[in-house]
Amino acid sequence: MSDGFNDIIHVPTRLRICSILAEVGEAEFGVLRDALDLSDSVLSKHVKVLEQAGFVTVRKGSVNGRTRTWVALNKAGQKAFKAHIEELRKLAATGDLLKP
Amino acid sequence: MTNPQGARPSAEEARQALESVTLSKQALAPYVRSPSWLYPAQGVGMGLFVIGLVFSKDTGWAMALIAVSGVLFSVLPMLQTRGRLVVDVYTHPGSRGLSWLYVAAFLLICVVAVVLYSTYSRAWIAYVAAVLVVVLTLVTGPAMDARLARALRNAG
């Protein structure tokens, strides 16, 4: 039986980060921080975990002399996120089946 | 990385997790906005392309216009990657329908302009087509952004 549940992605903050990244090509660190209302350090920590898991790619660049960081969900990340969402849907549906 | 042995969330927890996914998508909506220079620059590039295409059999400088538009179309995506959010409105399901209409309208204008010019040989046909393409881009571009933002806001 295939199982798309992913412990790394399922952590609430990381699930929210992946939800945003799944919709865009790349998101600047500040956009993720503001949209998800997270602190720099918390976001940094979770992005690092996702990067170490091989799910996101981090790119640094300079805009008007200021260093910026962009984060993108790579192919492995997209696949894992999609599979995880499918698994969550299945789990949520089992609850509906059990209802009288 | 899957973990078949790990504890699974209950149906309620899974539902809450899916709800947080939806809320996160909705939170992204206010940030979906292309840089203000993007669609004017793209419109100018497409306008130059149309003029170059229509006059391509008559004049040498027409090919130069096509080359300039080619350079513009190569540079614009690179400049876009410096933006805060890099979204492809042409492939995202939320705006894909409108973007196909936009591309189809652009192609239609190109074909009609080329056919009309080859029939009547009036230079203004190329310039009118170019203006139409610029207007089309200035109207449809922001509309695609808005469509995408709306799709995210209504995600569920």
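Two residues are taken to be in contact if their C-beta atoms, placed from the backbone, lie within 7 Å. On this basis, the organisation of chain B and its association with chain A were examined in a predicted model.

Chain B comprises 5 helices and 1 strand, which follow one another from the N terminus in the order α-α-α-β-α-α. Helix 4 of chain B spans residues 96-120, and helix 5 of chain B spans residues 123-153. These two helices pack at an angle of about 175°, and their axes are 10 Å apart. Because angles over 145 degrees count as roughly antiparallel, helix 4 of chain B is roughly antiparallel to helix 5 of chain B.

On the side of helix 4 of chain B, the contact is formed by L98(B), S99(B), Y102(B), A105(B), F106(B), I109(B), A113(B), L116(B), Y117(B) and Y120(B). Their counterparts in helix 5 of chain B are I125(B), A126(B), A129(B), L132(B), V133(B), L136(B), T140(B), A143(B), M144(B) and R147(B). Classified by residue type, this contact between helix 4 and helix 5 of chain B contains 17 nonpolar, 2 polar and 1 charged residues.

The overall dimensions of chain B were considered next. The radius of gyration of chain B is 21 Å, whereas a compact globule of 156 residues would have a value near 15 Å. Along the principal axes, the C-alpha atoms of chain B fill a box of roughly 70 × 30 × 25 Å. Of the 156 residues in chain B, 29% are buried. When contacts in chain B between residues at least 6 apart in sequence are considered, 75% join residues at least 24 apart.

With respect to the interface, 28 residues of chain B are in contact with 33 residues of chain A. On the side of chain B that touches chain A, the elements giving two or more residues are helix 1 (11-28) and strand 1 (85-86) of chain B. The most is given by helix 1 of chain B, with 12 residues. The composition of this side of chain B is 15 nonpolar, 6 polar and 7 charged residues.

Strand pairing also links the two chains. Strand 1 of chain A, residues 26-28, is joined by 2 bridges to strand 1 of chain B, and the two strands run antiparallel. Within this pairing, E26(A) stands opposite V86(B) in strand 1 of chain B. Strand 1 of chain B thus appears both among the elements that give two or more residues to the side touching chain A and as the partner of strand 1 of chain A.

Methods. Residues are numbered from 1 along each chain as its sequence is written. Chains are lettered from A and ligands numbered from 1 in the order in which they are written. This is a predicted model: local features need pLDDT of at least 70, side-chain atom pairs count only at pLDDT 80 or more; totals for chains, interfaces and linings use all residues. Helices (H or I, at least four residues) and strands (E, at least two) are DSSP runs, numbered from the N terminus. Ala, Val, Leu, Ile, Met, Phe, Trp, Tyr, Cys and Pro count as nonpolar, Asp, Glu, Lys and Arg as charged, and the others, Gly among them, as polar. Two strands pair if DSSP finds at least two bridges between them. The radius of gyration is taken over C-alpha atoms; the globule rule is 2.2 Å times the number of residues to the power 0.38. A residue is buried if 20 or more other C-beta atoms lie within 10 Å of its own, exposed if 12 or fewer, and partly exposed in between; C-beta atoms are placed from the backbone. Axes are lines fitted to C-alpha atoms, for helices over the stretch in contact, and angles run from 0 to 180 degrees between N-to-C directions. Angles under 35 degrees count as roughly parallel, over 145 as roughly antiparallel, 65 to 115 as roughly perpendicular and the rest as oblique.
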